Structure formats: structure tokens, C-alpha cells
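Biologist: Please take a close look at one part of this model and tell me how it sits among its surroundings, then follow the packing outward from there to the rest of the chain.

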Amino acid sequence: MNLVGMCSGSGKEVHQRDDQQSYGEDPLVGAVGAVCEVSGLTRLLPRPVQTLLSFLLPGHGRLRSRIDEVLDLPLIQQQAENGALDIGRLSQFIVGMMGSLCAPCRDEDISRLKEITDIVPLLKAIFSVLDLMKVDMANFALSSIRPHLMQQSVEYERNKFQEFLEKQPNALDYTEKWLEETVKCLKESEAAGCSAASSDSHLPLNVHNQAYLRLLRWDHASDPFPETVLMDQVRFQEMQQEADQLVLLSSVLLIVYTTTGEAISGLPGLMETLKNTVSVMIADMHAPSFSLQEALATLGEKLCVELSQSLSRHGFSPFSADRSSALKGQISATVQPDNTVRKLMESRLQSYLLASLESSQHKTPPPLPGGLAPVSRELKELAVRFSRLVTFNKLVFSPFYQKILQKMVTSGESPET
């Protein structure tokens with residue numbers, strides 16, 4: 001039975017060491033190189049023995065007895081002094097026990113250990129893999145207690161907000177306005193026959209998801225942020241800016257490929273090159289001193305040069321002046337938020353993020369809308385962070401949201417539940 005259920009993971013978990021890390025600074029591992037006599041092994045054995053024992057659970061009595069029996073340090077010391085110590089047998093026992101206790105991701109490391117025949121390299125490799133197994137154990141422990149920590153954090157924040165609400169009865173005014181306007185937007189979409197609106201669009205879960213999505217289009221300069229998400233306003237604002245960049249990036253790339261035609265569709269590496277060029281040019285688009293119009297004009301020039309060079313290298317006709325002019329004009333036009341292509345890509349990105357919220361409980365990512373393939377990695381990462389933030393906020397404040405929606409229902413301002 002594998003004791004450790006997972007390997008090293010996210011940045012919040014303990015970071016594992018690189019397999020190639022030097023252990024020269026570790027006095028115990030450094031001593032391996034000095035094992036010219038059998039007695040050197042006896043100085044190193046306590047470390048792997050203690051590490052293996054630390055991996056055992058209370059129910060692993062048989063394994064503990066087996067380790068104590070084979071790796072009996074006083075007996076090993078006596079055998080070493082009498083020249084009767086079988087180093088190979090001890091090493092193979094340690095490797096076999098490591099294989100029984102390691103996480104599945106360490107199976108390849110254990111297999112490599114079994115292929116090493118020289119004792120000094122084997123001992124070095126054993127210490128290295130044992131350190132990785134320690135990290136796996138720490139990450140497993142963190143993953144085991146995370147749900148408990150999450151529940152405690154949710155209850156703590158909810159209770160603190162309830163205390164604040166009792167002192168400030170109007171502390172949910174902006175939250176109420178936020179939800180009321182969300183319901184109003186859903187009503188207007190439904191009345192306009194918008195295909196995105198469904199018959200159950202006013203159910204509480206859908207209202208919540210749409211409300212969170214509106215936070216990625218928020219006017220932070222003029223509209224007060226809802227109280228229940230105020231502590232995370234900076235995070236939502238950063239995600240909003242990231243979403244804006246992805247919309248503009250995907251819009252420019254879509255214009256390039258639709259304008260240029262099939263000639264560049266199969267050119268290796270061209271998409272990544274163009275993507276990097278656009279990303280660099282619009283990286284600071286939210287800075288106060290940034291001129292998007294100038295950046296897009298410069299971008300149009302650079303893309304035309306790169307396209308012409310790429311077409312020439314692959315034997316296609318060079319980019320004509322008319323096509324270059326048309327491409328530059330369409331790229332410059334995306335400076336307007338209501339640009340057709342930009343609005344289309346924004347709608348598709350918003351739809352993907354909404355679908356991510358709706359599918360988060362099922363752990364199945366939604367399909368990627370057309371035109372967003374070049375930014376799929378960045379978009380998926382954004383969707384994961386957005387979903388996590390929203391999920392935690394729902395856990396904390398859902399009782400307050402439910403009361404607000406129920407109040408809207410009884411007053412006739414909200415549609416059916």
C-alpha cells in the first residue's frame with residue numbers, strides 16, 4: 001500500500017528539490033564520498049532508517065518490525081567491526097522498502113535505484129530519492145488537511161462578516177445593488193431573445209455566476225465594489241486586465257489569419273512568433289501612460305514585416321501593399337472596445353469563463369470556443385484562478401446572497417426560483 005498519495009504540486013505546497021541537486025553541502029551526504037571503509041556506512045545508516053520509519057502509519061506494525069529487524073543499527077555496527085556486513089543486501093532492502101512506501105510518481109526513481117550496482121552512487125541516489133519522498137509526504141499531509149482548513153477559514157470569515165453586519169446594517173447595500181443589476185441584465189437579455197439566456201437563467205446559481213462574471217467588466221473608477229468581494233477587489237481587477245489582454249491578443253491573431261488566408265495556416269512556429277510579438281506590444285496596455293492606438297499602429301507594421309519574411313522563406317508570394325494596408329487598418333480598429341472582432345472575442349471569452357464556473361463542480365473543463373486556441377493555455381489558467389476565487393467566495397457569503405435574492409423574490413423584483 002502506498003503511504004504517500006500525491007507528488008509535489010502547486011506553489012502553496014512544499015517545493016520538491018531538483019533530482020540533479022548537489023548534496024555537497026549536506027555533511028551526511030558529503031560523507032558518502034568518504035566511504036572507503038565499511039564503518040563509514042554505519043555513520044550514514046541512521047538517516048535512511050529514521051526517514052523510513054517516519055513514513056509509517058500506526059497501523060504499519062509489521063513493516064516497522066521488519067525495518068527494526070533488518071536495519072538493527074547495533075547489530076550492523078557489530079557486523080561491520082567483524083567484517084561480516086553485507087552492504088549490498090542492506091542497500092537493496094532499503095530500496096525495496098522505499099518502493100513499498102513511495103508515491104506512484106517515484107516508481108521510476110526506484111527503478112533507477114535498482115539498476116545502480118556501485119555502493120557509493122547508490123547511497124547518494126538513495127538519499128536524493130528519500131528527500132523527494134519527504135516532500136511528497138509533506139504535500140500529502142497538506143492535501144489531507146486542506147478541506148478542514150478550508151472549512152475553518154470559511155466559517156471564520158463568515159462569522160466576522162456577520163459581526164460587522166450587525167454593527168453596520170447597511171453593509172450589504174452595494175452587494176444588493178450588484179445582484180439586482182445582474183438580475184436586471186438577465187431579464188433584458190431574455191426579453192431581447194438573446195441565445196445565451198435560458199429559461200432557468202434566473203435561478204440563484206445562475207444569478208451568482210453571472211454576477212461574478214460582471215466583476216471582470218467592472219468600472220472600478222466610478223462604481224463601488226460589492227462589500228462581499230471587496231477584500232478580493234485587487235485580484236478581480238488583475239484578472240479583468242488579464243482577460244482584456246487575452247481578448248485583444250486573440251482578436252489581433254484572428255484578424256491576421258483571416259486576412260492573410262490559408263497560406264500561413266500551416267507554417268511551423270509562425271503562430272507562436274506572432275503571439276509573442278503581440279503579447280510584448282500590449283503587455284502594458286493598462287498603464288496610465290500607455291497609448292494603445294500607437295501600439296496597435298506599430299504592431300501592424302511589425303506583423304506585416306514578419307508575415308512577409310515568413311511567406312518568402314516558405315516560397316509563397318510576398319505580402320502585397322493592399323493586403324498590408326488592410327491588415328494594418330483592421331488591427332488599428334481594435335483600439336475601439338466596440339470593434340466587431342473585439343466584441344466577438346470578448347463574448348466568447350466571457351462564455352468560456354461562465355462555462356468554467358458552471359462546470360467547476362463536475363471537474364470537466366468546457367470546450368474552447370473558436371478563435372481562442374492561440375491563447376488556450378493562458379485562458380485555462382485564468383479560468384482556474386477565477387473559479388477558485390469565486391468558489392471560496394460562494395462558500396463564505398452564500399447565506400447572505402440567498403437572503404438578498406429571497407428578498408427580491410418576495411418584493412417581486414426577481415424572477416422565479
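Modeller: Two residues are taken to be in contact when they have heavy atoms within 4.5 Å of each other, and with that cut-off in hand I will begin at helix H10, bearing in mind throughout that this is a predicted model. H10 spans residues 204-214 and is mostly covered, since 8 of its 11 residues are buried, a word that stands for a relative accessible area under 20%. The buried residues are Asn 206, Val 207, His 208 and Asn 209, followed by Ala 211, Tyr 212, Leu 213 and Arg 214. What they pack against is a set of three helices, namely H9 (173-191), H15 (340-359) and H16 (376-410).

Of these partners, H15 is the one to follow next. Ser 356 belongs to helix H15, and with a relative accessible area of 7% Ser 356 counts as buried, because that value falls under the 20% limit. When neighbours within four places in sequence are left aside, Ser 356 is in contact with Pro 366, Ala 383 and Ser 387.

H15 also meets helix H11: the axes of H11 and H15 come within 9 Å and cross at roughly 125 degrees, which makes H11 oblique to H15. The crossing in which H11 passes H15 is right-handed. On the H11 side the contact is made by Ala 243, Leu 246, Val 247, Leu 248, Ser 250, Ser 251, Leu 254 and Ile 255, while H15 contributes Val 341, Arg 342, Met 345, Glu 346 and Leu 349. Sorted by class, the residues of this contact of H11 with H15 divide into 9 nonpolar, 2 polar and 2 charged.

H11, which covers residues 233-260, has a crossing with helix H12 (residues 270-281) as well, where the two axes come within 10 Å and the angle is roughly 135 degrees. At that angle H11 is oblique to H12, and the crossing of H11 and H12 is right-handed. Here H11 offers Leu 249, Val 252, Leu 253, Val 256 and Tyr 257, and H12 answers with Leu 270, Met 271, Leu 274, Lys 275, Val 278 and Ser 279. The contact of H11 with H12 has 9 nonpolar residues, together with 1 polar and 1 charged.

For comparison, another pair of helices can be set beside these. The axes of H6 (residues 87-101) and H7 (residues 107-115) come within 10 Å and cross at roughly 170 degrees, so H6 is roughly antiparallel to H7, given that angles over 145 degrees are classed in that way. In this contact Val 95, Met 98 and Gly 99 of H6 meet Ile 110, Leu 113 and Lys 114 of H7, and by class the residues comprise 4 nonpolar, 1 polar and 1 charged.

These packings can finally be placed in the whole protein, which has 16 helices and 0 strands. Of the 417 residues in the protein, 39% are buried, and the accessible surface comes to about 22,700 Å², with 53% of that area belonging to carbon and sulfur atoms. Among contacts between residues at least 6 apart in sequence, 71% join residues at least 24 apart.

Key:
Residues are numbered from 1 along each chain as its sequence is written. This is a predicted model: local features need pLDDT of at least 70, side-chain atom pairs count only at pLDDT 80 or more; totals for chains, interfaces and linings use all residues. Side-chain values use heavy atoms; hydrogens and water are left out. Buried means under 20% relative accessible area, exposed over 50%, partly exposed in between (1.4 Å probe, protein chains only). Helices (H or I, at least four residues) and strands (E, at least two) are DSSP runs, numbered from the N terminus. Accessible areas come from the Shrake-Rupley method with a 1.4 Å probe; for residues, only the protein chains shown count as cover. Axes are lines fitted to C-alpha atoms, for helices over the stretch in contact, and angles run from 0 to 180 degrees between N-to-C directions. Angles under 35 degrees count as roughly parallel, over 145 as roughly antiparallel, 65 to 115 as roughly perpendicular and the rest as oblique. A crossing is left-handed if the near helix is turned anticlockwise from the far one by less than a right angle, and right-handed if clockwise. Ala, Val, Leu, Ile, Met, Phe, Trp, Tyr, Cys and Pro count as nonpolar, Asp, Glu, Lys and Arg as charged, and the others, Gly among them, as polar.
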